[in-house]
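Visitor: I'd like to learn how to read a fold like this one step by step. Can you walk me through it?

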Amino acid sequence: MMLRRSFIATFAAGIILAASALAFAQTRTTTALKTGYAPANGLNLYYEIHGTGKPLILLHGGLGATEMFDEVMPALSKDRQVIAVDLQAHGRTGDIDRPLSYDAMADDIAALSKHLGIEKADVMGYSVGGGVALRTAVRHPEVVRKLVLVSTAFRRDGWYPEVLAGMAQMGAGAAEPMKQTPMYQLYARVAPKPADWPVLLTKLGEMLRKDYDWSNDVATIKVPTLLVFGDSDAVRTAHAVQLFELLGGGKKDGGWDGSGMSNARLAILPGLTHYSIFSSPALPASVTPFLDAPMPGAK
């Protein structure tokens, strides 16, 4: 019972999505230039486009939707075209008869790119969306120009034990208590079938409880990659460093001329948690210079 109370007080309030950042549940602070639905492996995948320029596909966390990036969207879309997506069973994207999985959702992102006629895009994901972004780079490297992973674990044990304990409680039994949270209020407002809330919690819980280790796959990623974590994140700091090293970073002194640097970058943002990082102005301030930097070898 104590674990259940702890779960509702913490996980439901923000293990995957910070309730405080959903104060905009009734009024959005940004306006999309275009919205639509892309056919993607049986889904009608909702997307919205903000700004113009080089494309950046933006993927939210579990139980979230495109709205969770509203506070940072103006900065992210100032000089680029941001394509924010509602993942399977989240937000305005209805569910279909398949489990939630990182790989299936990665395939959806590749299908979205094809539908929009995008040859290559930068891909940025937070938490669950970060897992989808990572798997997109592994399964569909031809569509990814640069990769940004925010608060993302490449192995399940990368999360702190108390976070894993909260994930273990995710399921239909939590659906009713979580109706008191802003996450549900947003879902109820935009979802095509709000009655599917328990289904989303069940499927997400099943996915989060599965063990995974993408170490070998991470080592195959060749595109420039930025890792962003809070210094008080739900992902262990040591795990963030391990991910950086798997991508080729942290192997040796970068040198006066930077010749010892890899294509990977690591940012640990001070004073931020898993529940505040996605809405912090420090996030676009870290991401934008990385995306704007010339590709390796470009003249």
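Guide: We'll go from the whole chain to the sheet, then to one helix and one arginine. Keep in mind that this is a predicted model.

Visitor: Let's begin with the whole chain. How many helices and strands are there?

Guide: The protein chain has 10 helices and eight strands. Of its 299 residues, 56% are buried. Its accessible surface comes to about 12,300 Å², and carbon and sulfur atoms account for 55% of that. Sequence separation is worth a look too: among contacts between residues at least 6 apart, 76% join residues at least 24 apart.

Visitor: Now the sheet. What is the order of the strands?

Guide: Reading a sheet means following who sits beside whom. Here the order is S1-S2-S4-S3-S5-S6-S7-S8, in an open sheet with mixed pairing. S1 (34–40) and S8 (264–273) are the edge strands; each has a single partner, so one side of each lacks a neighbour in the sheet. On average, neighbouring strands are turned by 20 degrees against each other, ignoring direction.

Visitor: Where do I see the mixed pairing?

Guide: Go pair by pair. S1 and S2 run antiparallel, joined by seven bridges, with Thr 35 bridged to Glu 48 in S2. Two residues lie between the strands of that hairpin, where Asn 41 takes a positive phi near 55 degrees. S2 and S4 are antiparallel as well, over four bridges; Ile 49 has Ile 83 in S4 as its bridge partner. For the parallel sense, turn to S3 (residues 54–59) and S5 (residues 121–126), which pair over four bridges. There, Ile 57 is matched with Val 123 in S5.

Visitor: And what packs on the sheet?

Guide: One such element is helix H10 (residues 282–292), which touches S3, S4 (80–85), S5, S6 (144–150), S7 (225–232) and S8. The direction of H10 makes about 160 degrees with that of S6.

Visitor: What about side chains along a strand?

Guide: As a rule, side chains in a regular strand alternate between the two faces of the sheet. For burial in this model, try S2 (residues 43–50): seven of its eight residues are buried, so the strand is largely enclosed by the rest of the structure.

Visitor: How do I check a helix, say H4? What span should its residues give?

Guide: Compare expected length with the end-to-end distance. H4 (residues 128–139) has 12 residues, which at 1.5 Å a residue should span 16 Å, and its end C-alpha atoms are indeed 16 Å apart.

Visitor: Is H4 largely enclosed or left open by the rest of the structure?

Guide: Largely enclosed, because 10 of its 12 residues are buried. Among them are Gly 129, Gly 130, Gly 131 and Arg 135. The cover over the buried residues includes S3, H3, S5, S6, H7 (197–209) and H8 (215–218).

Visitor: Last stop, the arginine. Where does Arg 98 lie, and does it count as buried or exposed?

Guide: Arg 98 is in the loop between S4 and H3 (102–115). Its relative accessibility is 14%, so it counts as buried, the cut-off being under 20%.

Visitor: Which polar contacts does the Arg 98 side chain make?

Guide: Among them is a polar contact of 2.7 Å with the side chain of Gln 88. Another goes to the side chain of Asp 108, at 2.3 Å. Leaving out residues up to four places away in sequence, Arg 98 also touches others, including Asn 41 and Leu 43, along with Ala 104, Met 105 and Lys 203.

Conventions
Residues numbered from 1 in each chain as written. Predicted model: local features only at pLDDT ≥ 70, side-chain atom pairs only at ≥ 80, totals over all residues. Heavy atoms only, no water. Pairing = 2+ DSSP bridges. Axes fitted to C-alpha atoms, helices over the stretch in contact; angles between N-to-C directions. Contact = heavy atoms within 4.5 Å. Buried < 20%, exposed > 50% of the residue type's maximum accessible area, 1.4 Å probe, protein only. Polar contact = N/O pair within 3.5 Å; in protein donor to acceptor, adjacent residues only side chain to side chain. Areas by Shrake-Rupley, 256 points an atom, 1.4 Å probe, with all protein chains shown as cover. Expected span 1.5 Å × (residues − 1).
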